[in-house]
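Visitor: I should like a close look at a single part of this model. Please set it in its context as well.

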Amino acid sequence: MTFAETRRVLSETDPNDKAEVHAQIGLRLTYQPQKKLVEARVQPGLHMCERYVSEGESY
């Protein structure tokens, strides 16, 4: 899934489900009211780094 597709899906997600989606992808949002800024950080889980190799091909 591309970033644009992910963004579209999240924009259409029910607000009650967004916290769960954010947790699953490792997204943390921090609002800094003095700067009127939202800082977004993504910390992928270990499962996002797994790779499998079969017959010399990487997936």
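How many residues lie between E1 and E2 in the hairpin that they form, and which residue in the turn has a positive phi?

Guide: This is a predicted model, in which local features need pLDDT of at least 70 and side-chain atom pairs count only at pLDDT 80 or more, while totals for chains, interfaces and linings use all residues. Residues are numbered from 1 along each chain as its sequence is written, and side-chain values use heavy atoms, with hydrogens and water left out.

The hairpin of E1 and E2 has four residues between its strands, and lysine 36, in the turn, has a positive phi of about 50°. Strand E1 covers residues 27–32 and strand E2 residues 37–42; the two pair in the antiparallel sense over six bridges (pairing requires at least two DSSP bridges between two strands). Within this arrangement, leucine 29 stands opposite alanine 40 in E2.

Leucine 29 also leads to the helical part: histidine 22 touches Leu10, Leu27 and Leu29, residues up to four places away in sequence not being counted (contact means heavy atoms within 4.5 Å). Histidine 22 lies in helix H2, residues 15–25. Its relative accessibility is 18%, and histidine 22 therefore counts as buried (under 20% relative accessible area is buried, over 50% exposed, and in between partly exposed, with a 1.4 Å probe and protein chains only).

As for the wider setting, the protein has two helices and four strands, following the pattern α-α-β-β-β-β along the sequence (helices are DSSP runs of H or I with at least four residues, strands runs of E with at least two, numbered from the N terminus). Buried residues make up 8% of its 59 residues.
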